[in-house]
Amino acid sequence: MLAAHYYPSQEQPANGEKTPWLVFLHGLLGSHDDWSSIVEACPNYPRLVVDLPGHGDSHSIDCQGFIDFDKQLTQLLAHYSASQFVLIGYSLGARLAMHFACFSAHKGLQGLVIEGGNVGLQSEQERIARADNDHRWAERFRHQPIEQVLNDWYQQAVFADLTLAQREKLVALRGQNNPLAVADMLENTSLSKQPFLVESLKQLSVPYCYFCGEKDQKFRGVSQQYALPFTLIENAGHNAHRENPQHYAAALHYFLSHCG
């Protein structure tokens, strides 16, 4: 079963109603630790911070794709008796959260926060190009020193706002990953294998919102292109919850006030 860290609510609602669980999903190369500032800022909710397959304490867990992850997350939620929950995902975690929200049969979802998550590709040509790109990165993770690959990984356009010091810190932090497990997860949950989710998102019966750092031009464009409900996180790039946790937490609390 997936590994997760559970933080109980510090108080019970006065009206006796259940408070929804907050379920956090990190991005590729990350771990549950990435959410620590946001978890601390939400003490009145039970929180479940998941390590994705091949990452953190789930480093030995395999995942064959989006449907497989839906089953793994359903099992985890059942294990913790999280009957009502809000999914909060970043990057790969956001893509997994969107797929779960749109296609899982679970009835307990109360809301969805998408941070820097790609909603999918529409053309076969785009899918083929992305599959090739992800395969090449995966092969590099498998066969080259991880520090060398990470140095190039964080030179990608989506990370253009990072300073040299921020980039070096991320390379050191992410270098603790098992590169073979990262490579498998990268390919098995490639954007090329993800359905195009816009229409399914717009049919959700629960609140959802696209959180995006103001410096993240790519994903600001995605949210605007498809007219998704949108919250801008100031003074932040692609990883908004890491770069401006105070504003992110405030935006999250505002969103949660509209859930349930």
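Mentor: Contact means heavy atoms within 4.5 Å. This is a predicted model, in which local features need pLDDT of at least 70, side-chain atom pairs count only at pLDDT 80 or more, and totals for chains, interfaces and linings use all residues. Residues are numbered from 1 along each chain as its sequence is written, and side-chain values use heavy atoms, with hydrogens and water left out.

Trainee: Which residues does Val149 touch, not counting residues up to four places away in sequence?

Mentor: Val149 is in contact with Trp137, Arg140, Phe141 and Gln144.

Trainee: Is Val149 buried or exposed?

Mentor: Buried means under 20% relative accessible area, exposed over 50%, and partly exposed in between (1.4 Å probe, protein chains only). Val149 has a relative accessible area of 0% and is therefore buried.

Trainee: How is empty space found, and what volume does the largest pocket have?

Mentor: Rolling a probe the size of a water molecule over the atoms shows where empty space is left. On a 1 Å grid over the protein atoms alone, a pocket is an open set of points where a 1.4 Å probe fits, with protein on both sides within 12 Å along at least five of seven lines; lining residues have an atom within 4 Å of a point. Grid points are joined across faces, edges and corners, and a volume is the space filled by probe spheres set on the points. Here the largest pocket has a volume of about 710 Å³. Its lining comprises 36 residues, and Ser91, Trp153, Val158, Phe159 and His238 are the closest to its centre.

Trainee: What volume does the second largest pocket have?

Mentor: The second largest pocket holds about 300 Å³. Among its 17 lining residues, Gly30, Ser31, Gly56, Gln176 and Asn177 are the closest to its centre.
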